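Work through the exercises below with the sequence and the 3D structure at hand. Each task is followed by a solution in steps.

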Amino acid sequence: MDKALKQLIDISRTVGADPALVSGASGNTSVKTDDGRFIYIKASGTPLKDMTSRKGYRKLHLDNAIDIIADTSLLKLDINIVQTVIARRLFKVCDDRFGSTSPPSIELPLHTCLDKYVIHLHPVAVNAYTCSRNGKAKLQKLFEDLPQPALWVSYADPGFNFGQKMSTSVASYKRRFKKLPQIVFMQNHGLIVSANTEKKVLSLARKVIRTCSGGLMKFKKQKTPAIDKKIISIAKKNIRAAILQTTYKNVPVQYFSAPEVFSFMRLQNPKRLLAPGSLTPDEQIYVNGPPVLLRSSQQDNIENAINSWMKKWNTKPLAFILDGIGLFAAASPKQAVTISNVVKNSLFIRQNAARIGQINALNAAQRQYIGMSETDSVKRVLELIEKK
Ligand SMILES: [Zn+2]
């Protein structure tokens, strides 16, 4: 096996199996070959921890991939098709045996302009800062003793647009410091670390997350109260009926007795913390926005809450917090687990981002871009290619 591929699998499995670094299926990794001709990168659709020599990565001709990403004519394309066009072109410069089954991570552009080893994650401890108006200044202070400063990149739509912004920011960093950045904070998105050895890149990821975690409020470890099963099943039934009434969708509802939700609801003003919209692309993709806060499990109360939530966010809610009872997700059991994890992460980020400074959420245009683009269009192109 190619040395770079072996290292990519090592890094991915190590990072993917460490809950301090990764939650759920988010995050991606890459390693460039010693001769600089190829980049091995995580593929979409396989979690980091499941990468093997047979699945979960792509090998691309690095120069060709860079040319595709740098093609500014792509900026003129409709946002509904830009990722599709890129995916189609990238398949042509893949040098592996996977055909067109799984595209390289849509975050490929942020990997190509950095050092040999790159890890990109969405850690809650880092996002507590990147989703706060004071976050940039606080991070600068936290990491001021580093031999070279961290780079802050302001928000851009994930994928191609962020890649363009990232490569300009890295180029000006390089001009100023005569080096590539090793730590990059992405506003409302996450962390990138990069280094010239496998050991260094892993220790850098851990160090940054540890440092960020240091100053944050953790949810107090407490036992969740035992809730009568009857109360839970009535709430599930009424949430399902209220969703059907308001959105005409008949979806199953799952319950989670999450201690984080109880801690959050005990904060001074949880309603105020849930008022800003999605904080990160993850929250917008998986939950459509902040959870709906319910004060009672009566169906008409739930319907009112859903209607005002939909008026505000212009989409359908997927997560609900019922005060004193817990968290509900309107989805299949598997999807509901993802939703509950993203909500719990968001509650942690909201609490801390507000303490660090004001919460900084995605704006309407940023949310809309995520709703219209990305994964869906890539899925569509795959279906098209596979039909041929
Ligand atoms: Zn990301």
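**Exercise 1.** How many bridges join β8 to strand β11, and do they run parallel or antiparallel?

*Solution.* This is a predicted model, in which local features need pLDDT of at least 70, side-chain atom pairs count only at pLDDT 80 or more, and totals for chains, interfaces and linings use all residues. Residues are numbered from 1 along each chain as its sequence is written, and side-chain values use heavy atoms, without hydrogens and water.
Step 1: locate β11 at residues 326–330; strands are DSSP runs of E, at least two residues, and helices are runs of H or I, at least four, numbered from the N terminus.
Step 2: count 4 bridges between β8 and β11, which run antiparallel; strands pair if DSSP finds at least two bridges between them.
Step 3: find one such pair, Tyr255 with its bridge partner Phe328 in β11.

**Exercise 2.** Which strands stand at the edges of the sheet?

*Solution.* Step 1: write the order of the open sheet of 4 strands, β8-β11-β10-β9, with mixed pairing.
Step 2: β8 (253–256) and β9 (292–294) each have a single partner strand, so they stand at the edges and one side of each lacks a neighbour in the sheet.

**Exercise 3.** Which residues have the most contacts inside the largest nonpolar core?

*Solution.* Step 1: a nonpolar core is a set of buried Ala, Val, Leu, Ile, Met, Phe, Trp, Tyr and Cys residues joined through side-chain atoms within 4.5 Å, where buried means under 20% relative accessible area (1.4 Å probe, protein chains only).
Step 2: the largest core has 65 residues, and Val15, Ile119, Phe185 and Val208 have the most contacts inside it.
Step 3: helix α14 (residues 333–356) gives the largest share, 9 residues.

Terms used
Buried means under 20% relative accessible area, exposed over 50%, partly exposed in between (1.4 Å probe, protein chains only).
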